[in-house]
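Visitor: I am new to reading protein models, and I would like to learn how the labels are justified. Could you take me through this one slowly?

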Amino acid sequence: MRLPCPWCGDRDLNEFGYGGDATLQRPADDAPMKEWVDYVFFRDNPRGSHREHWQHIQGCRAWIVVERDTLTHEITGSWPANEMVVAAPAKSEVTP
Amino acid sequence: MSAAKANKAQPHRSPDGGRIDRGTPLSFRFDGQSYQGYAGDTLASALLANGVKLVGRSFKYHRPRGILSAGVEEPNALVQLRSGARHEPNLRATVAELYDGLEATSQNRWPSLAFDVSAINNVFSAFLGAGFYYKTFMGPTRGAWHFYERIIRKAAGLGTAPTLPDPDRYEKAHAHCDLLVVGGGAAGLAAALTAGRSGARVFLVEQDNELGGALLGEAAGAGLAWATDAASELASLPNVRILTRTTAFGFYDHGVMGLVERVADHLPQPGAHQPRQRLWTLRTKQVVIAAGAHERPLVFGDNDIPGVMLAGAVRRYLHRWAVTPGERATVFANHDEAYRTALDLADAGVAVAAVVDPRPVPGGDLLRALAERGIEHLSNHVVVRARGGRHLLGAEVAALDADGNPTEPTRFISSDLLAMSGGWNPAVQLHAQSGGKPQWDSRLFTFVPGTSKQAERSAGAAAGHMTLASALTDGVSAAGAALEALGHALKPIDLPAVEPEAEAVPAPLWEVYTRKGKRFVDFQHDVTAKDLDQAVREGYRAPEHAKRYTTLGMATDQGKTANVNALEVLARARGEAREKLAQTTFRPPYTPVSLGAFGGRDVLRHYHPIRRTPMHAWHEAQGAVMVETGLWMRPRYYPRGNETLFEAMNRETRHVREKVGMVDVSTLGKIDVQGPDAGEFLNRIYANGFKKLPVGKARYGVMLREDGMVFDDGTCSRLSESHYLVTTTTANAARILSHMEYHLQTCWPDLRVHVASVTDQIAAMAIAGPRSRAVLEKAVEGAEVSNEALPFMGVVHARIAGKPVIIFRISFSGELAYEVAAGADHGLAVWEALMEAGQDSEIMAYGTEAMAVMRIEKGHAAGPELSGQTTAADLGLGKLCSTKKPYIGHRLKERPVTADPHRPALVGLVSLEDNKRIPGGAQLVEDPKAQAPVPMLGYATSPTYSITLNKNIALGLLKDGAERMGTTLYATNPLNNTTVKVEVVSPHFFDPEGKRLHA
Amino acid sequence: MTHYSIFSLVKGALCGPGAWSPAWREPEPKAEYDVVIVGAGGHGLATAYYLAKEHGITNVAVLEKGYLGGGNTGRNTTIVRSNYLLDGNAHLYEWSMKLWENLSHDLNYNVMFSQRGVLNLAHSDAQMDAFRRRGNSMRLNGIDAELLDREGVRAMVPHLNFEDARFPIYGGLLQPRGGTARHDAVAWGFARAADSRGIDIIQNCEVTGIRREGNRVTGVETSRGFIGAKKIGIAVAGNSSRLAAMAGLRLPMESHLLQAFVSEALKPVIDTVVTYGAHHFYVSQSDKGSLVFGGDLDGYNSYAQRGNLPVVEDVITAGLSLFPNLSRVKLLRHWGGVMDMSMDGSPIIGKLPVEGLYLNGGWCYGGFKATPGSGWVFAHTIANDQPHPINEPLSLERFETGAVLDEKGAGPVPGHH
């Protein structure tokens, strides 16, 4: 398997570390426990297109987001992770 | 021996012809018997030249077996090669190149190949049908299988494993190419030449020792002449790399191909500085698979007797090696191409008794060609059964009735060679490995490559183009398509004018039914058509079930000659159209690959890199006993005289507590954290606060995982307003760095912080003991180290031996202690300077054992306590966790069970029995004599003998630990039948007030 | 059904293949069942078998999208052991071990359960302590365990690298009752025994949806039409998330790829199951003579059942560092399976938050050895609509409460378990 690092180009699998689902959003610090449990433990785990975190550990050390099909391993995109962050609110929006 | 004499000794060698070097006769031994062959021979061709037909025994019935094929698909002729540490089992004689002095032995037989006691299995074969072992060996008692299994295991297996480490070396190579062409036959050469001339970077790999493929096994002609020219032109092209003796064994994701190059297997042993084999990882942009085809046997009675061979293989032995594998041959085939074997044998002077063909009439003018040579033609006939024992006597032949079923055999045709062919199966293995699904071809009655899932296309016989002319043009067009995808303009090549030839388009005949004899489908595993029938009848109808139930296709040849025939038999047994059945999955490797090739140079001590600290040589020079700590080597203790580990550990501990010692702590992870938001970042990473840590101060910190469990601990020092230095445990250094980078890049990209590992850049040493300040005062320049200037948890920049250092007043031992950090290049100089300065104070180096003793005495959690299963509160660090700010893990540590106050907590344990140590991993129980399951309250994590206290102590994790202080429990170790009565105490055994480290 | 014995073999030999009857029927699905088990792997088939045998529930269908036993049951490295540290796991695997010990008789099918021992090697004092902790915990839980020193290991496995090892062998933890079983035979034996008790095993029947009324299941949509069910048990390890998603649920797991390997057949050379302590590697020798081995996950989410070259190199290199004498032995085949990697490395067997829906999954790469025990407790859970005390700790709720069963302490990173 070869992964496209946005900085270094196509590189071998064994240069990378895996970080799992990249669509998760770290909850607000005071978010309800259920949100935190979901974030830490529960996953969509799709068979098909999957956006996931990888780190180019043996290369530029950047965390990246790769879009990869988990059934065929076909890769359809990659981005620097810090451009793909869905910013979490500093505090959860508590409705009164 | 002279060449003439050598030839005379080989009764089945033709006087001329063949691609062998008659000027280089070679001696070899098979089962102790000496034979002669020539350079260019395989072991199989040389054995056949010498008239040796019995080569091996089958897996289950131990039937005599000979040589079926002339290639990698060989199921029968497996031998053991070489001896001693170079012993190699299960080698196919058909691809083992002959060298002078080669020694081979047959396998899976006892006491000898000719007389094998286990052949009795053949007599009892009726009891040993498909899956027989699932139905018996269950009694009379429950343990019965254990008894039978030992006998079965000894009977099973093929060759024997070597018992000595491999003396040979293996290498790994890496490369990229535009186009990989797999196979150097007609199609592969055409593809490679087309692409090579067009300027693409081409790899051409061929498993054989020379290019040419099937052409090497045919009578010389325009095709072979062209191939020779093409091979030399390719060799001259700088953008083409040719690897012979190289197998493309695995097609992985994204065009990555695994190749194994057998650099020295054709030699008695590798030359100096030469590896035995080389594993290539090749990153390809395009692949042309021109891997050829494998011939199908026909399934009839006793079709495994030595002397029954594949028709194409017979031709190959004849032309390539000038070997006539028999004196009187019969050919049994269902297509025209195999007639060439009859004609070529006759032309070589071999008597051909008959050609047996189930079809009414062959194509072209083959009948005339047979007649010209006086070969009888039996149309509408089949071979029902071969006869013979250790070698073939002849074939029983029968006519087919109007429904195409064989009638009673009417003739026995005496022959010592039966050349059979049921058509050819394209080598679709790599295509399938790449994700493609082979499709049924109703013209060739076999599977051809389906839709490509990766950038690959098959060409030539591998794509079902079975004539030379079509293979050549297909090779060119496959290369053309690859070049187009690569954006290269195609430069055409000239193809030779080849004569029209008989094509292998078979009639649909796979098996001939007979009640007599065994009709083998998978030769090596002794799977017969009857076994498959039985599997279907018993419900194992899915091809995968039938395969697994009968073990079909699971032998060393992975069913290369068996799989398609098996599907036919299954389809017939199921009463269904064969198109409905899919082949079982092809898996890498295409042919078996030595494990050594995957290991490369990473064997023995080189398995993983060894990390050494900058002071490593010093420790060794002092006679330190080094110990593996992850990848690192650390000094465990420095024995003096005949000291044991225990004595040295006690001496070093006592010396530090009473005087001063120094230990190398360079292996600790060190991470440099810089940026305006570094304080905020560390506040989120650590459970305790770091934003307000003053410059020039260190603080102990604990990090949690997001699930609230302790991740790691260490110190963090603020070197300037925006610059911190974090230390981690040795084990977690890499993980913590990634963890920090992850959060910076994926969660908090707004934080202006950079992190970098400086573990390898910094040498660190801890100097501990009441006299440590005195040593520093002597050695340090440019800074004060007095208690006032450098109080506990203070940090200063200074120089030692002229080298810049940072001095941290921190303590792991509980003594007055300092850690000195220097650049890695200066580590040894600083270490030696401190040793020198410490002479008056009687400084002594200590190792990890004494270090561990002192941290246990002090109640510091370390590896065994930081098990990933403990919370900060479990380790007595609950109060450290901030309540004023959020941090990683702050939320989930509040889950009910995570926050449960009754969880096992860190305690101290003292042995109440004189001289009885508490074993590490002893479980803490109230009643050591209770019956299982015994409630376990906790366990001893870190035990030691404390010379300071003259007690056997341990740290432990204990449920309701705080409430059990002062009570007694039992630390039980049933593994060794020992139990120690212990008292539960505070984990801070030594100087709990911390007077010494503040001194 | 033909009762298997030496006598049936004699009859088979005399009468030919006609003497044998099918091991299982190929029934058409009925319109409705009391229980539908999704997945005819070892776990699903065992569940059905024990539903019939222990609870008298026989109106049961086991639905299989391909052929029975075609998933991880037929892809694993066949190791059976119960050498677990944490109580929640130890009791399940030990119960399973007890069932294994009588399984061939119980099923009248030789599953070739071979108690040749499972030996975990240790390569440091700290690891010896960790093994002592585990072994003592096993013993106190009534499970067999022995701690071997270096010489004890040498006597058992003489070809290990004792001379020039990067990570020297200090000793090992042995479970003598551990061993191997013939994986396909387990699926086939359970299938035959379940079928004989009236359970319908329906192959080539893929579940495509789970139908609910309110918060209660009513049946499954399949490639062969709707099949009604009062209760649905999911036993599709590797694909648990997909099935749960059909009921609108997410699970604490990722599907990962694990490769397995066999060598060519050899005469006996390794007589026990050996696992490496310095790296992920395990090996045993099959009765046929092949070395069967495996190691680390490929390390990324995958449903592909085919892995990549770096892990092939990594696993084999680890093996050679233990057995330098095997360098000239040849790799015959390697393949991949899809693992439910749960967030704490332990399985989930219990009720899901939809009435009538039960999950048996999250086996990581340890599911095979649990097959009989897992089926037994899952059958109990389905039959009684509540877990057996053995699988109570294996609930889905443990992630919310914090009562996770993290044997390795690796944390919520599925690929690290």
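Visitor: What makes Asn45(A) count as buried or exposed?

Guide: The relative accessibility of Asn45(A) is 1%, and buried means under 20% relative accessible area, exposed over 50%, and partly exposed in between, with a 1.4 Å probe and protein chains only; therefore Asn45(A) counts as buried. Please keep in mind that this is a predicted model, in which local features need pLDDT of at least 70 and side-chain atom pairs count only at pLDDT 80 or more, while totals for chains, interfaces and linings use all residues. Residues are numbered from 1 along each chain as its sequence is written, chains are lettered from A and ligands numbered from 1 in the order in which they are written, and side-chain values use heavy atoms, with hydrogens and water left out.

Visitor: What is the phi of Asn45(A), and where does this residue lie?

Guide: Asn45(A) is not a glycine, yet its phi is positive, at about 50 degrees, and it lies in the loop between α1 (33-41) and β4 (49-55) of chain A. Helices (H or I, at least four residues) and strands (E, at least two) are DSSP runs, numbered from the N terminus. His73(A), also not a glycine, has a positive phi of about 70 degrees and is found in the loop between β5 (63-69) and β6 (75-80) of chain A; with a relative accessible area of 0%, His73(A) is buried. As a general background, most residues other than glycine have a negative phi, and most peptide bonds are trans.

Visitor: Which peptide bond leading to Pro111(B) is cis?

Guide: It is the bond from Trp110(B) to Pro111(B), whose omega is near 0 degrees, and Pro111(B) sits in the loop between β7 (102-106) and α3 (120-123) of chain B. The bond from Pro588(B) to Pro589(B) is cis as well, with omega near -5 degrees.

Visitor: Why is the pair of Tyr540(B) and Trp188(C) called edge-to-face?

Guide: Rings of Phe, Tyr and Trp (its six-membered ring) pair if their centres lie within 6.5 Å, and planes under 30 degrees apart count as stacked, over 60 as edge-to-face and the rest as tilted. The centres of Tyr540(B) and Trp188(C) are 4.9 Å apart and their planes stand at 70 degrees, so the pair is edge-to-face. The pair crosses between chains, from a loop of chain B to helix α7 (residues 183-196) of chain C. Tyr540(B), at 0% relative accessibility, counts as buried, and Trp188(C), at 1%, counts as buried too.

Visitor: What makes the pair of Phe646(B) and Tyr945(B) tilted?

Guide: Their ring centres lie 5.4 Å apart and their planes are at 45 degrees, so the pair is tilted. Phe646(B) in helix α17 (residues 645-658) and Tyr945(B) in strand β46 (residues 938-946) are 299 residues apart in chain B. With 36% relative accessibility Phe646(B) counts as partly exposed, whereas Tyr945(B), with 14%, counts as buried.

Visitor: How do you know which strands are at the edge of the open sheet in chain B?

Guide: Two strands pair if DSSP finds at least two bridges between them. Five strands form this open sheet, in the order β2-β1-β7-β5-β6 and with mixed pairing, and the edge strands are β2 (33-39) and β6 (88-92), each of which pairs on one side only. Strand β5 (residues 78-81) and β6(B) pair in the antiparallel sense over three bridges.
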